[in-house]
Amino acid sequence: VTVEGISCSSYDKIDWSVFVYFGTACLLLVACLLGYHHVESTQNHSYDQISNPREDFEDEEENQSTNSSIGLVMDYPNHPESERNKLSNLTTVVWNKVKKPALSIFFNFLVTLAIFPSWTSSLRSTAHCQSHNRLSNDLFTPTTFLWFNISDLVGRLLAEKYSYLLDAEMQLLPLSLSRCIFFLLFMLLPTSHSTPRLSPILSDAFSFFILLLFAVTNGFILSWGFLTVPSLLSTEREQLQSSRILNFAINVGLLGGSFLGIMYLRLAVLTA
């Protein structure tokens with residue numbers, strides 16, 4: 001069946017080339033994370049020695065205590081174990097301060113990447129192959145991508161202007177976790193899959209409304225998390241360590257979401 005040359009055949013099989021692409025990207029991401037950790041652990045000693053030179057070490061114990069109180073990790077000759085312990089303690093202190101924003105960002109990306117774009121790209125108009133309007137046929141998927149990005153931008157702008165009215169300590173992480181409801185909601189939207197597990201709600205307006213909520217909450221929570229972190233830290237050293245933790249949370253969220261998208265697709269579509 002075609003409408004003005006547009007193919008309307010159903011997609012009964014999963015195109016595994018998409019998952020090969022995401023799988024390769026995930027493997028590369030894991031290699032980058034491991035490589036970063038290796039470089040940091042092997043060069044941290046020499047980096048601190050250059051960035052924090054000392055003219056003498058006669059009052060080593062006193063200076064060590066002073067530097068610890070302001071959150072610095074100094075490089076002392078013949079004390080590599082002490083330096084590693086300080087870095088570990090700093091990481092623990094910073095993690096305890098930023099764990100809620102970091103976990104919120106992680107779960108936010110986990111849910112978003114599991115659904116977008118692997119599932120959202122299969123959304124289909126209720127007028128598919130029943131109308132000559134290209135927005136209901138071959139341009140429907142690009143339109144949903146545009147709608148997602150505009151809505152995501154709206155969420156980021158809302159976070160910048162109104163997030164201060166909310167309590168990040170109590171509301172940020174629960175709001176991020178609540179986005180798991182989208183796994184169910186997107187199963188209710190019409191898609192190109194011929195054997196959905198749930199009966200879809202045949203309404204384009206409903207599809208765009210769910211996509212709007214999905215994208216706005218994605219942008220809002222992500223921006224809110226990053227806006228919250230600086231107020232939780234007191235030193236430049238803590239800010240540097242927090243950026244590593246947040247970057248790790250982002251990367252792991254992207255990695256986990258990519259793999260979770262494969263499992264979600266298998267769960268949401270009935271197989272023969």
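Helices here are DSSP runs of H or I with at least four residues, numbered from the N terminus, and in this predicted model one such run, helix H4, spans residues 140-162 and holds Asp152. With a relative accessibility of 10%, Asp152 counts as buried, because buried means under 20% relative accessible area. Once its neighbours within four places in sequence are set aside, Asp152 is in contact with Ala215, Val216, Asn218 and Gly219.

Asp152 also has a partner within helix H4 itself. Side chains of opposite charge can pair when their charged atoms come close. The side chains of Arg156 and Asp152 form a salt bridge with an N to O distance of 2.7 Å, and the two side chains are likewise joined by a polar contact of 2.7 Å. Because they are four residues apart in helix H4, Arg156 and Asp152 are separated by about one helical turn. The two ends of this pair differ in their surroundings, since Arg156 is partly exposed at 32% relative accessibility, whereas Asp152 is buried at 10%.

The count of salt bridges comes to four, and another of them links the side chains of Glu169 and Lys100 at 3.0 Å, N to O. Glu169 belongs to helix H5 (residues 168-178) and Lys100 to helix H3, so this pair ties together parts that are 69 residues apart in sequence. Glu169 is partly exposed, with a relative accessible area of 49%, and Lys100 is also partly exposed, at 27%. A further salt bridge joins the side chains of Asp138 and Arg134 at 2.6 Å, N to O; here Asp138 is partly exposed at 32% relative accessibility, and Arg134 is partly exposed at 45%.

The loop between helix H3 (80-115) and H4 contains Pro117, and the peptide bond leading from Phe116 to Pro117 is cis, with omega near 5°. Cys129 lies in the loop between H3 and H4 as well, and this residue has a positive phi of about 65° although it is not a glycine.

A buried residue is also found in the loop between helix H6 (182-185) and helix H7 (204-228), namely Phe186, which counts as buried at 0% relative accessibility. Leaving aside its neighbours within four places in sequence, Phe186 is in contact with Ile115, Trp119, Thr120, Leu123, Ile210, Leu211, Phe214 and Tyr264. For one of these partners, Ile210, which is 24 residues from Phe186 along the chain, the C-alpha atoms of the two residues are separated by 7.6 Å.

Notes
Residues numbered from 1 in each chain as written. Predicted model: local features only at pLDDT ≥ 70, side-chain atom pairs only at ≥ 80, totals over all residues. Heavy atoms only, no water. Helix = DSSP H or I, 4+ residues; strand = E, 2+ residues; numbered from the N terminus. Buried < 20%, exposed > 50% of the residue type's maximum accessible area, 1.4 Å probe, protein only. Polar contact = N/O pair within 3.5 Å; in protein donor to acceptor, adjacent residues only side chain to side chain. Contact = heavy atoms within 4.5 Å.
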